[in-house]
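Here is a short report on one protein chain. Look over the sequence and the model before reading on.

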Amino acid sequence: MKKHITYISLLFGSIAFAQIQQGETTVNRDEDFEQQSVTVQRNYEPKVEAAEKIKQTPQIDSVATDKMYVEYALKDVEAESDFETSTIGAEELPVNDQNPYNNYIRLGYGNRASLILDGYAEYELDDDKSVGASLEYLSTNGSIPDVELDTQNSKMAAEGFFKMNFENAQADVRLGGGMHKLNYYGTSLTQQEIENAGLDDVSQRYTNVYTSAKYDAFNHAFLDKVSLKAGFFGDKYDANETNFDVLASLGRENLTELTYLGDLELGASADVNLNFANTKFEQIADNKFTQMTLGIAPMLHFGGDILNLKVGANLQYNSEYEADISEFHVFPMAEVFVTAVPEFGLYGGILGGVKQNRYQAMYNKNPYLLPNQDLRSTINKMEVYVGVRGDIGADFKYDASAKYQDLENMPFFSRYLSFGEPYKQGNSFSTIYDDGKRTAIEANVNYLGVANLNLGGQLMFQGYSLDNFEEAWGESAIKATISADYKMLDDRLILGGDLFYVDQVKATEHGSMTFAPSELPVYEIKPHIDLNLNATYLILDRWAAFIEIQNALNKNYDRFLDYPVQGVTAMGGVMFKF
């Protein structure tokens, strides 16, 4: 892998290291700290994806968007076939511009007893106020070859919201919740061993309730935006977590003009964050984790037509009460962007931050969790990144970057070996941590040069150098995605597809006793390719029909150790807009 990184680094020349995605507890950038995420920028049509074939599971964190963003966030087409609905907004529906139908309800059914029902509605109280709600239900109950246990999976989520516009601001308040039922079906036990163990019920149930509020100011002297998120997350085995996050952005990027410095504009800003999570576990042992992060990131901005520069620091206080950790971190922050022509822009910077690893965040990555986890904060001690991006005409956009990170407490998933309860049959995962370095190179492209065709792709290479572990458990060295959609018949018919590749993944396992990192066994999860196809046809102004095929290559590859996905899944249905 180091050879791959070296060769590609030479190819990119001066492209170095892109920013770590800080997630909920850092104020550096807006992205999440997801080392394995694959995101393709394209307009997705309504998706129906296999609920038992999830690589990155639905986000349960509340996210404020205008259309169909349910708190359980049934979203993400990851590198495996997901039997999930992609959250969609009314502006993404396959309708002609003259059709002003922003609300919809959708119903679909397919093989493996797959059922989907979702809808969105918004009502304007007056010119400045509106209320609305969204609902999603999704279930499937299909068998998987060589899997003896029940694989039934279902999800539902609901959300209500209130939006209000002021003269120079807007506010958005939301309340919602969801439930996810699944089974710990990924065990290597034989049918006789399953019967002897009495595994007639290997179910798990996750629930969450949340509220969020967001206030965006326009042309304010010092306030940009404020957001608040608070929620509860729990499971069937009495694990529960309460959390809240407060984020505020202050300042202006154009306070005054510095004519003596070539007409640069001087600005100042500060991002403030307060993040808190309290988690309790009752299975195996009574464990409690209280995490709090409080910080501010002041920045000076120098902006012009060619050069934009940000300089500042990220000051974060991190407390982990039960672990007796009370630390104050000062991370440097700087970013420069230079562009003389739209076709080419060079950027780079240095940063750092703190990310809380919560039970809910772990569920979002892997839902087959042991209901007792070790929770620690990941410290991004230093990250250096460089990249290049630009637009070649109106049809081709690109962004390529590279990063180097020095990380403390990187989380990895290990299969937990301890027999007894239904979740202790070699079928659940526990988090283990290590320190080390991570390097990554990423490239994103989007091509619109053919009429009615939207083509995008992403490629990522990453490598790890860890202090103790021999492998970065569960992390793939190479991931690639190609996505496309094509509109026909005056936009009444939309065809789409997604092709994914995930390289080999190394997995391990450990028991309830103390283990030596060098003695961990090594298992291989083979590389795989997955293909998803979809089509939507607008029959009438208010009626549309859709069909989706997930895992069209019909491969029962593993997304986690001993967790194979379903084969080909097809679903069709109708959508009514109003």
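## Burial and overall make-up

A residue is called buried when its relative accessible area is under 20%. By that cut-off, 52% of the 578 residues in the protein chain are buried. Keep in mind that this is a predicted model.

The protein chain holds three helices and 27 strands. Take the contacts with a separation of 6 or more: 65% of them join residues 24 or more positions apart. About 24,900 Å² of the protein chain is exposed, and 56% of that comes from carbon and sulfur atoms.

## Ser319, a buried strand residue

Ser319 sits in strand 11, which spans residues 307-320. Its relative accessibility is 15%, so Ser319 counts as buried.

Which residues does Ser319 contact, leaving aside neighbours within four places in sequence? They are Thr290, Gln291, Met292 and Ile325. Leu294 is 25 residues from Ser319 in sequence, and the two C-alpha atoms are 8.7 Å apart in space.

## A nonpolar surface patch

Nine side chains need no long introduction here: Tyr486, Met488, Leu489, Leu495, Tyr537, Ile539, Leu540, Trp543 and Val574 form a nonpolar patch on the surface. Together they have about 790 Å² of accessible area.

Met488, one of the patch residues, belongs to strand 18, residues 478-488. Is Met488 buried or partly exposed? At 30% relative accessibility, Met488 is partly exposed, because the value falls between the buried limit of 20% and the exposed limit of 50%.

Methods
Residues numbered from 1 in each chain as written. Predicted model: local features only at pLDDT ≥ 70, side-chain atom pairs only at ≥ 80, totals over all residues. Heavy atoms only, no water. Helix = DSSP H or I, 4+ residues; strand = E, 2+ residues; numbered from the N terminus. Buried < 20%, exposed > 50% of the residue type's maximum accessible area, 1.4 Å probe, protein only. Contact = heavy atoms within 4.5 Å. Patch = residues over 30% accessible without salt bridge, like charges linked within 9 Å, V, L, I, M, F, W, Y side chains within 5 Å. Areas by Shrake-Rupley, 256 points an atom, 1.4 Å probe, with all protein chains shown as cover. Salt bridge = Lys/Arg side-chain N within 4 Å of Asp/Glu carboxyl O.
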